[in-house]
Amino acid sequence: MKLHSTGMINFQEYYVINDVSKVRVISKTEASESLPWSVYVGAAGMPGRTAYFGYKEYAKAKKGDTIFVSAGAGAVGSMVIQLAKLDGLKVIGSAGSDAKVQFMKDIGADVAFNYKTADTLEVLKKEGPLDVYWDNVGGSTLDAALESMKDFGRILVCGMISSYNDAKGQTYKNLWQIFARSLSINGFLEWFLAPKWTDEFYQAIPCKLASGEIKYREEITKGLEGAGEAMRKIQMGENLAKSVIVVADE
């Protein structure tokens, strides 16, 4: 019987695991049998766990709330959109291409827009105010969200990809909204929340992915030699789905 494991391991063709506490052995249930193993590094893996753990821990969402998800077509953002819709929230999503906007609509976003062709603040003023903002990008999008929050709103900082390659940094004009509106801001990493939420995630999510209740998509690259280009596309926002490097077929 083949065993499959997931965890933070080296990016290489072969890896000997000496400390099994660093990985989790995963197995499929009857309900998730049809799910490809590649999904376990995407929607059923770390990106999916990041979305689930952070949303469950910090969103404090209730039916009728409004949430804005930046980078909503990405592996994390698209999961957050769908979790929020399952809870009955109004969902606003932003992304950087019309194809990504269409994907957000396909997975249930009530409002989806291309931040390159629409003014983020204008959209949020029209469709908000916001109870929750899930931040994947930082920069001007975070600043617009700060200006659009309700009192006692919650901001979940998952990433700031607009700043990763910006040597000049970002300037924010709305940080004062944090105290003016009594906002809660939580930054997090998936592994800090793993002890609390991992078992629940694997019980709840893979079967929903297999059934189609939660949708996902992948962009497969075959072989480590293509990894550099795949990573470049992610940093430039050119990927259209969760980027997966398949080192070798089973």
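Mentor: A salt bridge is a side-chain nitrogen of Lys or Arg within 4 Å of a carboxyl oxygen of Asp or Glu. The model under discussion is predicted.

Trainee: How many salt bridges does the structure hold?

Mentor: Side chains of opposite charge can pair when their charged atoms come close. Under the 4 Å limit, the count of salt bridges in this structure is eleven.

Trainee: Which residues are linked with Asp65 in a network of salt bridges?

Mentor: The side chain of Asp65 meets that of Lys62 at 3.3 Å, N to O. Asp65 also forms a salt bridge with Arg154, again listed at 3.3 Å, N to O. This second pair joins distant parts of the chain, with Arg154 in strand S7 and Asp65 in the loop between helix H1 and strand S3, 89 residues apart. The network partners of Asp65 are therefore Lys62 and Arg154.

Trainee: Is Asp65 buried or exposed?

Mentor: A residue counts as buried when its relative accessible area is under 20%. The value for Asp65 is 4%, and its partner Arg154 falls in that class too. Asp65 is therefore buried.

Trainee: Which residue pairs with Glu219 in a salt bridge?

Mentor: Glu219 belongs to strand S9, and its partner, 14 residues apart from it, belongs to helix H8. That partner counts as partly exposed because its relative accessibility is 25%. The N to O distance is 3.4 Å, and the residue is Lys233.

Trainee: Why do the buried residues of H3 line one face of the helix?

Mentor: Helix H3 spans residues 98-106, and its buried residues are Lys100, Val101, Phe103 and Met104. Seen down the helix axis, these residues line one face because they fall within an arc of 160 degrees. Their cover includes strand S4, strand S5 and H2. The arc that answers the question is 160 degrees.

Trainee: Which helix gives the largest share of the lining of the largest cavity?

Mentor: The structure holds one cavity of 30 Å³ or more, and the space in the largest cavity is about 130 Å³. Its lining has 18 residues, with Ala43, Ala75, Ser78, Tyr216 and Arg217 nearest the centre. By class, nine of the lining residues are nonpolar, five polar and four charged. The largest share, four residues, comes from helix H2.

Trainee: Is Thr120 buried or exposed?

Mentor: Thr120 lies in helix H4, residues 120-127. Leaving aside residues up to four places away in sequence, Thr120 touches Phe68, Phe113, Tyr115, Thr141 and Ala144. Its relative accessibility is 11%, so Thr120 counts as buried.

Conventions. Residues are numbered from 1 along each chain as its sequence is written. This is a predicted model: local features need pLDDT of at least 70, side-chain atom pairs count only at pLDDT 80 or more; totals for chains, interfaces and linings use all residues. Side-chain values use heavy atoms; hydrogens and water are left out. Helices (H or I, at least four residues) and strands (E, at least two) are DSSP runs, numbered from the N terminus. Buried means under 20% relative accessible area, exposed over 50%, partly exposed in between (1.4 Å probe, protein chains only). Contact means heavy atoms within 4.5 Å. On a 1 Å grid over the protein atoms alone, a cavity is a set of points where a 1.4 Å probe fits but cannot get out, and a pocket is an open set with protein on both sides within 12 Å along at least five of seven lines; lining residues have an atom within 4 Å of a point. Grid points are joined across faces, edges and corners, and a volume is the space filled by probe spheres set on the points. Ala, Val, Leu, Ile, Met, Phe, Trp, Tyr, Cys and Pro count as nonpolar, Asp, Glu, Lys and Arg as charged, and the others, Gly among them, as polar. The arc is that of the directions from the helix axis to the C-beta atoms.
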